[in-house]
Amino acid sequence: MAGIRDTVGKSKGRPHVSRRSLLVGATAAGGLAVAWSLWPRDYRPNLTAAPDEHIFNAFLKIGDDGHISAIVPQCEMGQGVTTLLPQIMADELGADWRTIAVESAPINPLYTNTLLVDEDSAVFTPRSGVPDFVSDVRSWARREWAVRHAVMLTANSSSVRMFEAPCRAAAAQARALLMMAAAKRWDADWEECDTQDGFVTHGKKRLRFGDVAAAAALLEPPAEPVYRASSSDPLYGKELTRLDLPAKIDGSANYAGDIRLPDMVFAAIRQGPLGATRLKSIDRKKGLASPGLLHVVTHDRWVATVARNWWAANRALDRFAPTFETEGTPISTDRIDKALKAALKDDGYRIASEGDVAGAMEARTKIAAEYVVAPALHAAIETRTATAAPDSGGLRVWVATQAPTQCRDAIAGATGLAPANVTLFPMMAGGSFDACLDHSVAVQAAIIALQVKRPIQLAWSRAEEIMRLPPRAPARAKLTATLNAAGGIDALVTRIAVPPTNHEVRERLFAGTPADIAQRAAAGSADAAAVAGAMGGAASGYAIPHMAVDHCPADIGLPTGRWRGNADSYTAFFTECFVDEMAARAGTDALSYRMAMLGNTPLLARCLLTATSLGGWEGGLSGTAQGLACHSMRGSHIALMATARQSERGLQVEQLVAVVDAGRLVNPTIARQQIEGGLIFGLAAAVGATTDYEGGVATARKLGQLGLPILSQTPQILVEFVDSDREPGGLGEIGVPVVAPAIANAMFAATGRRIRRIPLSAHPL
């Protein structure tokens, strides 16, 4: 919508938006503006409406029966976005919550996530297809490119932060139109009208939204939205029941694997080892004798079987016994470890610095520690699944995707179809954690459907998912510090050896490059996002006079991807464990040591003090089994106190106490769910969620082999939110980074041994 990008970061009371037909990218500078002004920028809603529905703008439709369809441009993957954005709109509209329905947005530049493009410019500004100068100019150029290419993305905990303002503006526009239509009937001044519980009101007069929707949709809204005065019973901030919850409980919610079409069949797939792999041969004679087999489809990189049920298709793959050939040295855990160690010794790239690090470390005693994290798997409950159906010269595809435009374009590129001939139906994801930024399954399903000329549903087996989805990158870090006379950190250099994951993702997402080629193309390049969260002043909030962060790109051969928490999931582990070690070295309580460095970050300091108060902090003394960690990201702050100890059953985490400042909360229940889910996800990553690699494939094949915590190992969890009027911060990721360091620090208090490895292990580096 017009003004979407201008509203980001403004207060809840006065976001800016223009008229219904909204111009995107109206601000530019110099000659570049002249050149780009020739590119059309007038984008209109492309929604479909039933005969009794009326389109008000890109975010709202209202029916004659009073139902309100809220258009959600983000992927619902458990984070509650299909409740949060409708709740914002319903509150501003003055709607009855019982009349709200949800629809997925079609591909349209009006739904571009420009906030995410700004925050992750290294990822979401592709190299190919963009003028060379674009990557080097101000952020507005990236945003212009993203809007014009409809870069609709769900990531970085950005849904509410990006779309609160445009959703409110859209609802305010619709509200004004409803009041105008009602005022005409009453011969009244529309600005004297109001809305409440699905009615337009004027004194004692009332009209249902549905009664005036048809007339209202034909009117022209005000040049600027007129926002609703504060309500006596606002929906914003209320613990409303999630709109997706009833269907998920009774099983009626549709995922990509629930789609059923006439004449549809089912496909299974087998792909080779990671790397530059090609299909070499299949045992066609034995395979074709498989019970229930209908088709076999071969590709340079995979083989798929088609049958009347998925089980028969998957069993047939065993009979075909595909063999693959891979160029170069096979990927293995040993090779990954050697590459990380070698990269850490190289010069690397200085990503950020403050103060005079070299001067502060010259001729001073240095203290250093090394940490390492293993690859981390997404392990979503729903394995990658897509349904595809040929459709009169085109293709229809049902798939969960966090980047629908790029998914559609990848399908078009692989099949030779025009993007306009690919109709994409974005589905809810049964968990994702950024796995749905990978579009391999959609492309494969499209190719198979066109070849067999009938609707097919392709589902990866759990083994395929573990082996093929690029994991969060493994990393190795060395932190070196000098201390002041009081034992505080005076200078800190953080060197992190890790692949440039975000450049790999960019190549796959925007150029459709195969994972192994993208990995090789990105190797050796500096990636600021790969070390995000490591700079104390910018992320964790520690005021250390002299700091530097170096990225040492590691060519590990293993394709890597984005993951819940991304780089912060390991940089917080490095920083928070090291700070704890320095506190112990100084003989200072870990809380006091941190507080001494948080003078410039009062919001994070408040979270830390509150968490230790709620959790009953005992000073971190030996035997207390308590550990701390705190972190800031995406506009939110969190402090965590963990209680953990060694038991006969191994590592036992007894309690997690988290205090979060995430600004205004649209729905406190969903906010709590996100933090609790993030803490459990962080716990899983701290104790498992990984695999070794041998011969180019993962050694794990099943969820039970990933070392994930079970219900009996789940700790007591206490989450407290700090009341705040700040702009909403991100909630989906903030719970993940602090768990592993807090547990590691608790284990030191319990046992006296430092753990510097994720999954948490006392094995020395």
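At 61% relative accessibility, G328 counts as exposed in this predicted model. The cut-off for that class is over 50%, so G328 falls within it. G328 sits in the loop that runs between strand 14 (323–326) and helix 12 (333–345). R260 lies 68 residues from G328 in sequence. In space, the C-alpha atoms of G328 and R260 are 42 Å apart.

R143 belongs to the opposite class. Its relative accessibility is 15%, and R143 therefore counts as buried. The limit for buried residues is under 20%. R143 is part of helix 6, which covers residues 139–148. Its side chain reaches the side chain of D118 in a polar contact of 2.6 Å.

An open sheet was examined next. It consists of four strands in the order 3-4-5-6, and the pairing is mixed. Strand 3 (53–57) and strand 6 (100–104) form the edges. Each has a single partner strand, so one side of each lacks a neighbour in the sheet. Neighbouring strands are turned by 25° against each other on average, with direction ignored. Strands of a sheet pair through backbone hydrogen bonds, in either a parallel or an antiparallel manner. Strand 3 and strand 4 (residues 60–63) take the antiparallel sense, over four bridges. Within this pairing, H54 has I62 of strand 4 as its bridge partner.

Two helices pack on this sheet. Helix 3 (residues 81–93) touches strand 4, strand 5 (68–72) and strand 6. The direction of helix 3 makes about 130° with that of strand 5. Helix 7 (residues 159–186) touches strand 3 and strand 4. Its direction makes about 125° with that of strand 3. Strand 4 is thus touched by helix 3 and by helix 7.

Salt bridges were then counted. The total comes to 34. One of them joins E119 and R161, with the closest N and O atoms 2.6 Å apart. This pair links distant parts of the chain, 42 residues apart. E119 lies in helix 4 (residues 114–119), and R161 lies in helix 7. Helix 7 is also a helix that packs on the sheet. E119 counts as partly exposed because its relative accessibility is 31%. R161, at 15%, counts as buried.

A further salt bridge is formed by the side chains of E370 and R476, at 3.3 Å from N to O. It too links distant parts of the chain, here 106 residues apart. E370 is in strand 16 (residues 367–373), whereas R476 is in strand 21 (residues 475–483). The relative accessible area of E370 is 28%, so E370 is partly exposed. R476 counts as buried, with a relative accessibility of 8%.

The side chains of R396 and D391 also meet in a salt bridge, with an N to O distance of 3.8 Å. This distance is within the 4 Å cut-off. R396 has a relative accessibility of 27% and counts as partly exposed. D391 counts as partly exposed as well, at 34%. Elsewhere, salt bridges with shared partners join four residues into one network: E76, R242, D244 and K248.

Definitions and conventions: Residues numbered from 1 in each chain as written. Predicted model: local features only at pLDDT ≥ 70, side-chain atom pairs only at ≥ 80, totals over all residues. Heavy atoms only, no water. Buried < 20%, exposed > 50% of the residue type's maximum accessible area, 1.4 Å probe, protein only. Polar contact = N/O pair within 3.5 Å; in protein donor to acceptor, adjacent residues only side chain to side chain. Pairing = 2+ DSSP bridges. Axes fitted to C-alpha atoms, helices over the stretch in contact; angles between N-to-C directions. Contact = heavy atoms within 4.5 Å.
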